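Look at how the aromatic side chains sit together, and at the charges placed over their rings. The paragraphs below take them in turn.

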Amino acid sequence: MANFKDKIITKDDFNEMLEKNSYYKGRWAYFNEIITQLHKMENINTVLEMGPYKLPFVKGSDVIDFTEKYREDYPFEVSNFIKHDCSKTPYPIKDKKYDLVIACQVLEHLGIHGEQVKIFKELKRISKRVLLSLPYKWFVPNMRDHHMIDKRMIKTWTKMEPTYELVSATRILQLYEFEDESSEHTNNKENMSSKNSELESKINILTKKINSAENELNILKNENKKLKEENVRLNDKFDEIINSNSWKYTEPIRNIKNKYVK
């Protein structure tokens, strides 16, 4: 997207929409917070907006929404419209396609049973940054999807800390930036390769020690075998001597010797 900052809507764009639709009455402060944050961003070439109702924040961005009925009210053309129910994952979008996803006053509408966990994970998959705006601590028990959303609840959805946060009386704006998972994967792969090399080296050293120990053990086994064989030979020789005629004939002499020789 060439000249991203030139594509961001202005107060004049907002006022033109306000003249056509009273929904936007009293919402300029909230819009201005988002516009201000968008102008601080660099290296934005691809943008996706989730359910922007009738006024996207960036001219020529891509839009994803479950219905096209508001598209004819857009005051300018969008680049690509993706018709998809954002409560259903996965989205028909490639990994890391977008530099930025804008989801303002949208995430809370996508479930009341923690579905935001899988949705945020999907936003992380398809983008490098996500700008979220949510109702903050609204006490509206009859509107369960808006009721008492606070930082603790948002943290259970995102599982991470925002890199930027702005809290007003009724809304919270957060920016999340994600590491390039391909680089992270490469680093992990390199680290794993290094660890594998270290492990292989240790295994080789241990293998050499084991082989050396096995050789020594085999030598000892052979020596033990020889000793056993020698012991058997000596026992057989002893039995042979004891049972010989010579031993019997010389027994009297041995008795005399044993009697007189101490």
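**Aromatic rings and their neighbours**

Arg171 lies over the face of Tyr30, 4.5 Å from the ring centre. The model is predicted. A second charge is placed in a similar way: Arg27 sits over the face of Tyr23, at 3.8 Å from the ring centre.

Both tyrosines, Tyr23 and Tyr30, belong to one aromatic cluster. Its other members are Phe14, Tyr24, Trp28, Phe31, Tyr53, Phe57 and Tyr70.

How many aromatic pairs does the whole structure hold? A search finds twelve. Take Phe14 and Tyr24. Their ring centres are 6.0 Å apart and their planes stand at 90°, so the pair is edge-to-face; the cut-off for that class is over 60 degrees. This pair links distant parts of the chain. Phe14 belongs to helix H2 (residues 11-20), while Tyr24 is in the loop between H2 and helix H3 (28-39), ten residues apart.

Are these two residues buried or exposed? Phe14 has 2% relative accessibility and Tyr24 has 1%, so both count as buried; the limit is under 20%.

Phe14 also pairs with Phe31. Here the centres are 5.1 Å apart and the planes are at 55°, so the pair is tilted. An angle of 55° falls between the limits of 30 and 60 degrees for stacked and edge-to-face. Again distant parts of the chain are linked: Phe14 in helix H2 and Phe31 in helix H3, 17 residues apart. Phe31 is buried, as is Phe14.

Definitions and conventions:
Residues numbered from 1 in each chain as written. Predicted model: local features only at pLDDT ≥ 70, side-chain atom pairs only at ≥ 80, totals over all residues. Heavy atoms only, no water. Phe/Tyr/Trp six-rings, centres within 6.5 Å; stacked < 30°, edge-to-face > 60°. Helix = DSSP H or I, 4+ residues; strand = E, 2+ residues; numbered from the N terminus. Buried < 20%, exposed > 50% of the residue type's maximum accessible area, 1.4 Å probe, protein only. Lys NZ or Arg CZ within 6 Å of the ring centre and 35° of its normal.
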